[in-house]
Amino acid sequence: MKTVVVVFLVTALFPGSFEEARWPTHTVCKKDGLEVYYTSCDPLQDFGVSFEPCPPLLSQKINIRVSLILRQDIKKLYLTIKGFANGKPVIQFHYNLCEPSFERLSFCGKKRGELIYYEGAVKIPLPIIPRGRFDITLLLLNQNHFGIVCANATIFKT
């Protein structure tokens, strides 16, 4: 009973002390009416992403760089992307990136604790983005459904 009272008093006296920490918002691109920002939605790990050039259309091929330290092995890797325009779902797709018999990317098969660094040209399968705000949730899961990367991105097109 004493523990419950102490927890209640500490929470009541210091309400902001126990809020979940958030990772900073990173700027990926800001040029010619296109702004792209992201934040990690993984409570334990942030990661780095950049792309060049900052294209006028995201459907063009762009060069990306991604780096993070693995907290779990990758034997299989699944990508889920959900897109929202003004809060309404507009796109959703799932894609297998790694399978034991078919490894599409250089980091397939990497082990826990290893650094993933990927640099290469990628065509982002997004339609032409209309003016306004477009939100994207990206989730990479391994064979055990453990989150390898979770990101919330926001695109502003003017």
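Here is a chat between a trainee and a mentor about a predicted model.

Trainee: Let's start with salt bridges. How many does a search of the whole structure find?
Mentor: Side chains of opposite charge can pair when their charged atoms come close. To count here, a side-chain nitrogen of Lys or Arg has to be within 4 Å of a carboxyl oxygen of Asp or Glu. Searching the whole structure that way gives 4.

Trainee: Asp-42 is in one of those, right? Which residue is its partner?
Mentor: Look for the closest N and O atoms, which sit 2.3 Å apart in this pair. Asp-42 is in the loop between strand 2 and strand 3, and its partner is in the loop between strand 4 and strand 5, so the bridge ties together parts that are 29 residues apart in sequence. The partner is Arg-71.

Trainee: Is Asp-42 buried or exposed?
Mentor: Buried means under 20% relative accessible area. Asp-42 comes out at 9%. Arg-71, at 21%, counts as partly exposed, but Asp-42 is buried.

Trainee: What about Lys-110, which residue does it meet in a salt bridge?
Mentor: The N to O distance for this one is 3.9 Å, and the cut-off is within 4 Å, so it counts. Lys-110 is partly exposed at 25%, and its partner is partly exposed too, at 29%. That partner is Glu-114.

Trainee: And how far is it, N to O, in the salt bridge of Arg-133 and Asp-135?
Mentor: Find the side chains of Arg-133 and Asp-135, which meet in this bridge. Arg-133 is partly exposed, with 41% relative accessibility. The N to O value is 3.1 Å.

Trainee: On to the strands. Which strands pair with strand 5?
Mentor: Strand 5 covers residues 77-85, and it pairs in the antiparallel sense over 9 bridges with strand 6, residues 88-99. Another antiparallel pairing, also over 9 bridges, joins strand 5 to residues 132-142. As landmarks, Gly-83 stands opposite Ile-91, and Leu-79 stands opposite Leu-140. The partners are strand 6 and strand 9.

Trainee: In the hairpin of strand 5 and strand 6, which residue takes a positive phi?
Mentor: Check the turn, where 2 residues lie between the strands. One of them has a phi near 55°. That's Asn-86.

Trainee: Last one: which residues make the nonpolar surface patch?
Mentor: Try Leu-115 in strand 8. At 55% relative accessibility it counts as exposed. The patch is about 320 Å², and its makers are Ile-69, Leu-115 and Tyr-117.

Methods
Residues are numbered from 1 along each chain as its sequence is written. This is a predicted model: local features need pLDDT of at least 70, side-chain atom pairs count only at pLDDT 80 or more; totals for chains, interfaces and linings use all residues. Side-chain values use heavy atoms; hydrogens and water are left out. Patches are made of residues with over 30% relative accessible area and no salt bridge: like charges are joined within 9 Å, nonpolar side chains (Val, Leu, Ile, Met, Phe, Trp, Tyr) within 5 Å. Accessible areas come from the Shrake-Rupley method with a 1.4 Å probe; for residues, only the protein chains shown count as cover. Helices (H or I, at least four residues) and strands (E, at least two) are DSSP runs, numbered from the N terminus. Buried means under 20% relative accessible area, exposed over 50%, partly exposed in between (1.4 Å probe, protein chains only). Two strands pair if DSSP finds at least two bridges between them.
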